Amino acid sequence: MTYTFVTLFKNLVEGYFQDSILKRAVDSNILNLNYLNPRDFSDSKHDKVDDTAVGGGAGMVMNPQPLFDALEYLKSDDENVHIIFLTPVAKPFKQNDAKRLAEKSHIAFVSGRYEGIDERVIEEFADEVFSIGDYILTGGELASLVMCDSISRNIEGVLGNIDSLSVESFETPLLEAPSFSKPQVYKENSVPSEYLKGNHSKIRSLKLALSECKTKFFRPEQLLKHRTRISYEK
Ligand code: ADE
């Protein structure tokens, strides 16, 4: 997988790949990273990339020209590149998107700054537009990293243990059951005794019950989805 980050602030992105799982994936060439700075494509005298909004409104909007030229350059280099814009005005990014996008060969993440990107750029180039949640970030870079991380762990070879993908939260409507590490007793609190007894069918039932509790507490709408699915399967 090749990722191209189209951003004015490469430094915000680069650091994330300098440690842990994604560093290993980059070092073993499972992931290739490119960066494209719209400022390098600006035709203006002072490499300007933003201006006040036409029609009024607070803040600055990213001009179409530098982004148009950057994205045309990107597409001329790889016509199969899948271009994703990050903005709060978009569909929410979900686990099934992460799995689907892991099949692509090249994804470009276009991050806006300031008050956003001239809509004509999005209209012209977006294959998809995503928001990572109902809150406003100072720019799309963090959102692109969130998506990139989540997509990458679905690419073969990135995670050591492929089993860990199948029982995770959001693979089913239920949230994952709690996990425990050693020691069995820590500060007088023991892990659930069933976890210790080695009866795998009992452990499975307990984990399911705990999953349902967690889901009911944190995401009641997901529990409803789970119960509807179960009654449908019966
Ligand atoms: N840019 C600013 N806020 C964002 C969000 N919630 N998701 C994606 N991109 C953004």
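Student: Which residue forms a salt bridge with Glu 128?

Tutor: This is a predicted model, where local features need pLDDT of at least 70, side-chain atom pairs count only at pLDDT 80 or more, and totals for chains, interfaces and linings use all residues. Residues are numbered from 1 along each chain as its sequence is written, and side-chain values use heavy atoms, with hydrogens and water left out. A salt bridge is a side-chain nitrogen of Lys or Arg within 4 Å of a carboxyl oxygen of Asp or Glu. For Glu 128, the closest N and O atoms of the pair are 2.8 Å apart, and the partner is Lys 91.

Student: How many residues apart in sequence are the parts that this pair ties together?

Tutor: Strands (E, at least two residues) and helices (H or I, at least four) are DSSP runs, numbered from the N terminus. Glu 128 is in strand β7 and Lys 91 in strand β5, so the salt bridge joins parts whose separation in sequence is 37 residues.

Student: Is Glu 128 buried or exposed?

Tutor: Buried means under 20% relative accessible area, exposed over 50%, and partly exposed in between (1.4 Å probe, protein chains only). Lys 91, at 38%, counts as partly exposed. Glu 128 has a relative accessible area of 9%, so this residue is buried.

Student: Which residues are linked with Lys 91 and Glu 128 in a network of salt bridges?

Tutor: A further salt bridge has its closest N and O atoms 3.0 Å apart and joins Asp 97 to Arg 100. These two are 3 residues apart in helix α4 (residues 95-101), so about one helical turn separates them. Lys 91 and Glu 128 share their network with Asp 97 and Arg 100.

Student: What is the distance from a nitrogen atom of the ligand to a polar backbone atom of Tyr 135?

Tutor: A polar contact is a pair of N or O atoms within 3.5 Å; within protein, one must be able to donate a hydrogen and the other to accept it, and residues adjacent in sequence count only if both atoms are side-chain atoms. Backbone N or O atoms of Ile 132 and Leu 137 each lie 3.0 Å from a ligand nitrogen. For Tyr 135 the distance is 2.8 Å.

Student: Which strand supplies the largest share of the shell around the ligand?

Tutor: A residue is near the ligand if one of its heavy atoms lies within 4 Å of it. Two strands each supply at least two shell residues: β7 (128-131) and β5 (82-92). The largest share is 3 residues, and it comes from β5.
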